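Me: Please take a close look at one part of this model, the ring packing, and start with a single side chain and how far it is covered. After that, set that part against the rest of the model in one connected account.

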Amino acid sequence: MRVLLDLFFCFFKTGLFTFGGGYAMLAILKDELTDKKKWISNDELMNFFALSQCTPDVIAINIATFCGYKLKKTAGAVAATLGVVTPSVIIILLIASLFKHMMENPNVVHILNGVRIGVVALLCKIMFDLLAKIWQKNLKKGLSCAIFCVALVELFVFKLSAVLVVLSAIGLYGLDICFKRVKK
Amino acid sequence: MIYITLFYQFFLIGLFAIGGGAATIPFLFDLSKKYGWFSVFQLSDMIAISESTPGAVGVNMATFAGFQAGGFLGGVVATLGLICPSVIVIVAVSKLMMKFQSKEGIDSFFNALQVAATALILFAAYHIAALCGDNILNFVVFALVLTLMFVCPKSAIFYLVLSGILGMVLKL
């Protein structure tokens, strides 16, 4: 029960500081789940993140469900998911009913613009860390670099959806395995 | 009963919207046409507010749309409808993953996921940066916050609050 409450509040905090979708929450989850509580390794968190892109539903909810399930099975999945949506429900209901004009306040706009820049910086840091890690541990550096470049071209040039990008990365690794087996 | 309709409609949205909050927008347009709970004009306001308030965009929009359709309870019911498919599908996927954890080739699978995740994060950063505009002050704040992260590591929330304060003080 304690762990379930802990999960709920951990994801409540994450939901409260998530701006603009599942991406910003990664940095907060890394702090909370990986560094502080040591519930989930950084590798697992990134796996959940990639899988969340290709399973149905909103990414933030999916990440919460994956993490919660990992810790406490279905009850954990429900607790984490409820935690991540509760701040949204409270804040949006307040804005929708009472503060409709809050978004027009110039100070609010400035704060939100600032936070957005902070999110970009956080994402850049996560990306540097990930690249450094993939580089350190991965034995197939060439293959990983190639797949990373392919994924970027798919995203920036062909504007493919995240689902296809994740699936094609899995497919390319699969091809590599098949290729090696054939060579043996 | 409007609550049952709301729950069902948002359950469907959760089930069919793959790839984040933006994927729910076309479904919300359909809802606006089909039920008239909110106008397309209201919907664009809802999207703007959902994107700039805390919480995942997809969840915010569901709560907002539910509120427009059925008040407070409507907001709660729509959100619950939205999260149900995720819980059901991911519990199943997690069970499958545990089953295959020791199988050969699963390492490559996870490697692939991590490389893809890195590219997706870069893409997301680019998009959010594009929203901020190319004001020189924005670059300064970005460089400052990023440098701080490397020089004195603090929690992510610390940097978000700091950049919010900088945004207000510098009128970004």
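Reply: In this predicted model, Phe8(A) has a relative accessibility of 22% and therefore counts as partly exposed, since the buried class is reserved for values under 20% and the exposed class for values over 50%. Over all chains, the count of aromatic pairs comes to 10. One of them joins Phe8(A) to Phe9(A), whose ring centres lie 5.4 Å apart with the planes at 90°, so this pair is edge-to-face, the class that applies to angles over 60 degrees. Phe12(A) belongs to this group as well, because ring pairs link Phe8(A), Phe9(A) and Phe12(A) into a cluster.

A further pair is formed by Phe156(A) and Tyr126(B), with 5.1 Å from centre to centre and 75° between the planes, and it too is edge-to-face. Phe156(A) belongs to helix H6 (residues 141–156) of chain A, whereas Tyr126(B) belongs to helix H5 (residues 106–132) of chain B, so here the ring contact joins two chains. Neither partner falls in the buried class: Phe156(A) is partly exposed at a relative accessible area of 27%, and Tyr126(B) is partly exposed at 48%.

Rings in this model also have charged side chains placed over them. Lys125(A) lies over the face of Phe150(B), at 5.1 Å from the ring centre, which is again an arrangement with one partner in chain A and the other in chain B. In chain A, the charged end of Lys37(A) sits over the ring of Trp39(A), at 5.3 Å from the centre of that ring.

Turning from the rings to covered positions, Thr14(A) is found in helix H1 (residues 2–16) of chain A and counts as buried, with a relative accessibility of 0%. Once neighbours within four places in sequence are set aside, the contacts of Thr14(A) are with Met25(A), Ile28(A) and Leu29(A).

Gly66(B), in helix H4 of chain B, is likewise buried, with a relative accessible area of 0%. Not counting residues up to four places away in sequence, Gly66(B) touches Leu6(B), Gly71(B), Gly74(B), Gly75(B) and Ala78(B). Its C-alpha atom is 16 Å from that of Ala48(B), a residue 18 positions away along the chain.

Helix H3 of chain B, residues 40–52, contains 13 residues and spans 19 Å from the first C-alpha to the last, close to the expected 18 Å. Its buried residues are Leu43(B), Met46(B), Ile47(B), Ile49(B), Ser50(B) and Ser52(B). The cover over these positions comes from both chains, and includes helices H4 (59–97) and H5 (106–137) of chain A as well as helices H2 (25–35) and H4 (57–100) of chain B.

As a whole, chain B has seven helices and zero strands. Its radius of gyration is 20 Å, well over the 16 Å given by the globule rule for 172 residues, so the chain is more spread out than a compact globule. Taken along the principal axes, its C-alpha atoms fill a box of roughly 55 × 55 × 25 Å. Of the 172 residues, 51% count as buried, and among contacts with a separation of 6 or more, 48% come from residues 24 or more positions apart. The chain exposes about 8,000 Å², of which carbon and sulfur atoms supply 72%.

Notes
Residues are numbered from 1 along each chain as its sequence is written. Chains are lettered from A and ligands numbered from 1 in the order in which they are written. This is a predicted model: local features need pLDDT of at least 70, side-chain atom pairs count only at pLDDT 80 or more; totals for chains, interfaces and linings use all residues. Side-chain values use heavy atoms; hydrogens and water are left out. Helices (H or I, at least four residues) and strands (E, at least two) are DSSP runs, numbered from the N terminus. The expected span of a helix is 1.5 Å times one less than its number of residues. Buried means under 20% relative accessible area, exposed over 50%, partly exposed in between (1.4 Å probe, protein chains only). Contact means heavy atoms within 4.5 Å. Rings of Phe, Tyr and Trp (its six-membered ring) pair if their centres lie within 6.5 Å; planes under 30 degrees apart count as stacked, over 60 as edge-to-face and the rest as tilted. A charge sits over a ring if NZ of Lys or CZ of Arg is within 6 Å of the ring centre and within 35 degrees of the ring normal. The radius of gyration is taken over C-alpha atoms; the globule rule is 2.2 Å times the number of residues to the power 0.38. Accessible areas come from the Shrake-Rupley method with a 1.4 Å probe; for residues, only the protein chains shown count as cover.
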